[in-house]
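I opened my notebook to look up how the strands pair, what fills the cores and how one charged side chain is placed.

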Amino acid sequence: TTECVSCRTQLQQLINFRTGNPTGHYKLDLENRAELAVAEMLKLLDKWEVLMDKKLDRPDISAVANRSHARNVHYQGKPVQNKLLAFADWKLPTHDKLELDYCSSFGPPNFAKALAWPAFDQLLGVAHNPLCDPAVKVQALKRQSDRFFLTSRQLRELIGIFESPVHRIELCVAFFNRIMDPENSKQYRGRLETFADLLTFSRRIGVARSFPYI
């Protein structure tokens, strides 16, 4: 049992990673092979998204004008990216700590529909469970975030369950690309009660992406 728990702990970042919704914050120990694999997948996704952005003639709204979807990338506590070096082109080390935010540019497809209200009410009921630690609830929701879409109103109600601004920001980031009506984003952003919370949210997804019509 101890070995099982230890193994699961080592694999946690890989288990939680969702290629269908990679947007989020990452703290990776590159000496851990599972977490190194997550970093490699993020690099591959970034490379693919950069190529798709060019193909679709999307404007460059990256943090340092290199088209990368990785932001606030720090290795050994030092910035990695610059205008000439995107995260996708950076040679990934196999030791020490890597921290970054990743924000995909792909939102709901044309055929997508928001989670039906009866199903959403069930989700809220489970999330309201007072016996479960809020951090565990957030982690569980993030792990399922690639399976459904929400409206801005639904996300507002969901994050309203959580008192901590840290948890609210985490869920806003995780579901940022799963919102069917981004033009109504003020509905859930109203739950980020301070300017500092809004600034943290914008910094993680990108200031330009935080505008409702981009």
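I looked first at strand β2 (residues 70–75), and found that 4 bridges join it to β4 in an antiparallel arrangement; strands here are DSSP runs of E of at least two residues, helices are runs of H or I of at least four, both numbered from the N terminus, and two strands pair if DSSP finds at least two bridges between them. This is a predicted model, in which local features need pLDDT of at least 70 and side-chain atom pairs pLDDT 80 or more, while totals for chains, interfaces and linings use all residues. Residues are numbered from 1 along each chain as its sequence is written, and side-chain values use heavy atoms, without hydrogens and water.

I then noted that strand β1 (residues 24–29) also runs antiparallel to β4 (residues 97–102), joined by 6 bridges. In β4, Leu98 is the bridge partner of Leu28 and also of Tyr75.

Next I looked up the cores, meaning sets of buried Ala, Val, Leu, Ile, Met, Phe, Trp, Tyr and Cys residues joined through side-chain atoms within 4.5 Å, where buried is under 20% relative accessible area, with a 1.4 Å probe and protein chains only. The largest nonpolar core has 25 residues, and Phe175 is among those with the most contacts inside it. Helix α6 gives the largest share of this core, 5 residues. A second, separate core of 19 residues includes Leu28 and Phe87.

Last, I checked Lys43, which is found in helix α2 (residues 33–55). The backbone oxygen of Trp90 lies 2.4 Å from a polar atom of the Lys43 side chain.

How values were computed:
Buried < 20%, exposed > 50% of the residue type's maximum accessible area, 1.4 Å probe, protein only. Polar contact = N/O pair within 3.5 Å; in protein donor to acceptor, adjacent residues only side chain to side chain.
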